[in-house]
Amino acid sequence: MGDAAGESSLALRYDADSRLLLVESFDEPHLPTSIIRQVVCHEDLIGMVIGCGGATIKRLESSTSCKIESRDIDGQPGFMTLSVIGDTQPAVDKCASLIEDIITSGRLTLKDSAVENTYSKEISLVVPGFVQAALLGPKGCVLRTIEQDSSTRIKLEKDCIADGIFDDQIIEEQYYGHLMTIKGADHVSLGLAFEYVAQVIVGKYPVHFAMQRFISRFKTDVYQGLSVEDSLPYRRLPLEWLDHCLQCSDALEKEKDKLKRSEIVTYICEVREKYFITADLLKWGRINRKAIHSLAGHMTEALREACRKREAAASSAPSKEARKIPVNDEAQLSDGASFSTASP
């Protein structure tokens, strides 16, 4: 029994001494109403909310005076509901907010991990300071276009390299520059990005075309939609020829016979003229010699494989006219040069 307001109740009690049935009134205790707020979490992230041995969820409950319960969501496999139960709205909101922060951070961690797995190969090089502006291009269009065409991710450090030293070698002051890190799925992608950077250094990169593609969100493809491997025959500054030219220069320094030195010099000049290998590019190539030599072999093999696939496709369809592609004469490198230097 209770009054209209529900604040007090009546009870019957039998008094043994007077043998009377007494009516007593008393106040009911206040029963607080729990506040519940739900947060949806994917099962891949629930471990971050719980923590090692439940440490994280215990800390959340202790710091907010709330209770956290979890259960699966019917009809949504892979998702769970975290119910935050507390006595006050601020406490419940605080606990739910902390859980949401953990979930958001977890999503970013998983995303970064997926990117790292996709771009598992990495290489570093030094970019001369005098080409930094040209490499970035208007609104960063050149760097973004290089990333697009080589399927890589490129990071250019803001600060110059410390003390002008890279790979244990001292760099001339005019070539002081910034450290660039290139990440890609394979060595061919890294090699293509490296070649585009080399084109910027020699002033052969199509900046205006890159700007147009950047503005159009890359709706126009340089290689007409070809894959990275199929685009190899179109390269303007093959990395393996730059490496070969550096090897010939090394052979020139060791050669003492004047006639052979003259032959090497003539050959180097022909290669440099054909592939736009300037003096600046050669000096820059020496700074990044390890990276160039490492990638050159991968690029050579990838080009040969691309040519084999093209020949196989042409032979399987003799009735159709084979597509003519201006291939660089990398095949000549396999025959070996007449100088005392290894071929790419």
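## Briefing on the predicted protein chain

Six bridges connect β4 with strand β5 (residues 79-86), and the two strands run antiparallel. This pairing belongs to a predicted model, whose protein chain contains twelve helices and ten strands. The points below cover the chain as a whole, the sheet that holds β4 and β5, one buried residue of helix α2, and the packing of helices α8 and α11.

**Chain overview**

- The protein chain has 344 residues, and 39% of them count as buried.
- The accessible surface of the protein chain amounts to about 20400 Å², with 53% belonging to carbon and sulfur atoms.
- Where contacts in the protein chain link residues at least 6 apart in sequence, 70% of these contacts join residues at least 24 apart.

**The sheet with β3, β4 and β5**

- Three strands make up an open sheet whose order is β3-β5-β4, with antiparallel pairing.
- The edges are occupied by β3 (35-42) and β4 (67-72); each has a single partner strand, so one side of each lacks a neighbour in the sheet.
- On average, neighbouring strands of this sheet are turned by 25° against each other, direction ignored.
- At the level of residues, Glu-69 has Ser-83 in β5 as its bridge partner.

**Thr-64 in helix α2**

- Helix α2 spans residues 55-64, and Thr-64 lies in this helix.
- Thr-64 has a relative accessibility of 5%; because buried means under 20%, Thr-64 counts as buried.
- Apart from neighbours within four places in sequence, Thr-64 is in contact with Ala-91, Lys-94, Cys-95 and Leu-98.

**Packing of helices α8 and α11**

- Helix α8 covers residues 239-254 and helix α11 covers residues 289-316; the two pack at an angle of about 130°, and their axes are 8 Å apart.
- Angles over 145 degrees count as roughly antiparallel and those from 65 to 115 as roughly perpendicular, with oblique applying to the rest outside the roughly parallel range; α8 and α11 are therefore oblique to each other.
- The crossing of these two helices, α8 and α11, is left-handed.
- On the α8 side, the contact is made by Leu-239, Glu-240, Leu-242, Asp-243, Leu-246, Gln-247 and Asp-250.
- On the α11 side, the contact is made by Arg-289, Ile-292, His-293, Leu-295, Ala-296, Met-299, Thr-300 and Leu-303.

Technical notes: Residues numbered from 1 in each chain as written. Predicted model: local features only at pLDDT ≥ 70, side-chain atom pairs only at ≥ 80, totals over all residues. Heavy atoms only, no water. Helix = DSSP H or I, 4+ residues; strand = E, 2+ residues; numbered from the N terminus. Buried < 20%, exposed > 50% of the residue type's maximum accessible area, 1.4 Å probe, protein only. Contact = heavy atoms within 4.5 Å. Areas by Shrake-Rupley, 256 points an atom, 1.4 Å probe, with all protein chains shown as cover. Pairing = 2+ DSSP bridges. Axes fitted to C-alpha atoms, helices over the stretch in contact; angles between N-to-C directions. Parallel < 35°, antiparallel > 145°, perpendicular 65-115°, else oblique. Left-handed = near helix turned anticlockwise from the far one by under 90°.
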